[in-house]
Amino acid sequence: MAAFPGLCTLLDEIDKKIMVELKGGRVLVGYLRSIDQFANLVLHRTVERIHVDCRFGEIPLGVFIVRGDNVVLLGEFDEERDLSSKLVRVSKEEILEAQILEQKAKQEKEKTHHKALKERGFSYQLDTTHEDF
């Protein structure tokens, strides 16, 4: 389907495997089945891909609808490049455990940083209400 010159369109990506990064850092991989004028996406055979260091795991989600304003980055997924990467696939349970440990370490580092700033007379609101998946 021809579009206006210079117009960005995702119509050529329909039925191709894509990777989508969302606000908040979640990464989804799935087949693009539909898109509308607001860039809302319908993904089929979707998995959430979680990366921790050089490991990754996938959580199956099935059909997934993504609201367009949550998309940060979108691109075609290259299967060959994925297979040749140095990342190691691990089980869902293992990657979720590693993610929790990584988040706890990040929170501890942030608390230490906050404490050091407070000792030097600086103060800011520490956000303890936001938790990533």
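The following dialogue explains how to read the main features of this predicted model.

Reader: Where should one begin, and how many helices and strands are there in the protein?

Author: One begins with the inventory of elements. The protein has 2 helices and 6 strands. Along the sequence they follow the pattern β-β-β-β-β-α-β-α.

Reader: In what order do the strands of the open sheet stand?

Author: The order in a sheet is to be read separately from the order along the sequence. Here the 6 strands form an open sheet with the order β5-β1-β2-β3-β4-β6, and the pairing is mixed.

Reader: Which strands stand at the edges of the sheet?

Author: The edges are held by β5 (71-76) and β6 (88-89). Each of these has a single partner strand, so one side of each is left without a neighbour in the sheet.

Reader: How does one read the pairing of β1 with β2, and how many bridges join them?

Author: One looks at the direction of the two strands and at the residues that face each other. β1 and β2 run antiparallel and are joined by 5 bridges. Within this pair, V20 stands opposite L28 in β2. The hairpin of β1 and β2 has 4 residues between the strands, and G24 takes a positive phi near 95° there.

Reader: What joins strand β2 to strand β3?

Author: Strand β2 (residues 27-35) and strand β3 (residues 41-52) are antiparallel, with 7 bridges joining them. V27 has R49 as its bridge partner in β3, while the bridge partner of I35 in β3 is L41. This pair also forms a hairpin, with 5 residues between the strands. In its turn, A39 has a positive phi of about 65°.

Reader: How should helix α2 be read, and how many residues has it?

Author: The general idea is that an α-helix has 3.6 residues a turn, so residues three or four places apart point the same way. In this structure, helix α2 (residues 92-119) has 28 residues. From its first C-alpha to its last it reaches 41 Å, close to the 40 Å expected at 1.5 Å a residue. After α2 comes G121, whose phi is positive, near 95°.

Reader: Which residues of α2 are buried, and what covers them?

Author: The buried residues of α2 are I95, A98, Q99 and H114. Their cover includes β3 and β4 (55-66).

Reader: What share of the residues of the whole protein counts as buried?

Author: Of its 133 residues, 23% count as buried. The accessible surface of the protein comes to about 10,000 Å², and 55% of it belongs to carbon and sulfur atoms. Contacts offer another view of the whole chain. Among those with a separation of 6 or more, 47% are between residues 24 or more positions apart.

Reader: How does one read a salt bridge, and how many does the structure hold?

Author: The general idea is that side chains of opposite charge can pair when their charged atoms come close. The structure holds 8 salt bridges. In one of them, the side chains of K17 and E79 meet at 2.9 Å, N to O. This pair links distant parts of the chain, with K17 in strand β1 (residues 17-22) and E79 in helix α1 (residues 79-83), 62 residues apart. K17 is partly exposed, with a relative accessible area of 23%, and E79 counts as partly exposed at 35% relative accessibility.

Reader: Is E48 buried or exposed, and with which residue does it form a salt bridge?

Author: E48 forms a salt bridge with R26, and the closest N and O atoms are 3.0 Å apart. E48 lies in strand β3 and R26 in the loop between β1 and β2, so the pair ties together parts that are 22 residues apart in sequence. At 7% relative accessibility, E48 counts as buried. R26 is partly exposed, its relative accessible area being 22%.

Reader: Which residue forms a salt bridge with D69, and which residues are linked in a network?

Author: D69 forms a salt bridge with R67, with 3.1 Å between the closest N and O atoms. D69 counts as partly exposed at 42% relative accessibility, whereas R67 counts as exposed at 55%. The network of salt bridges links R49, E58, D82 and R89. R49 has already appeared in the sheet, as the bridge partner of V27 in β3.

Key
Residues are numbered from 1 along each chain as its sequence is written. This is a predicted model: local features need pLDDT of at least 70, side-chain atom pairs count only at pLDDT 80 or more; totals for chains, interfaces and linings use all residues. Side-chain values use heavy atoms; hydrogens and water are left out. Buried means under 20% relative accessible area, exposed over 50%, partly exposed in between (1.4 Å probe, protein chains only). Contact means heavy atoms within 4.5 Å. Accessible areas come from the Shrake-Rupley method with a 1.4 Å probe; for residues, only the protein chains shown count as cover. Two strands pair if DSSP finds at least two bridges between them. The expected span of a helix is 1.5 Å times one less than its number of residues. A salt bridge is a side-chain nitrogen of Lys or Arg within 4 Å of a carboxyl oxygen of Asp or Glu.
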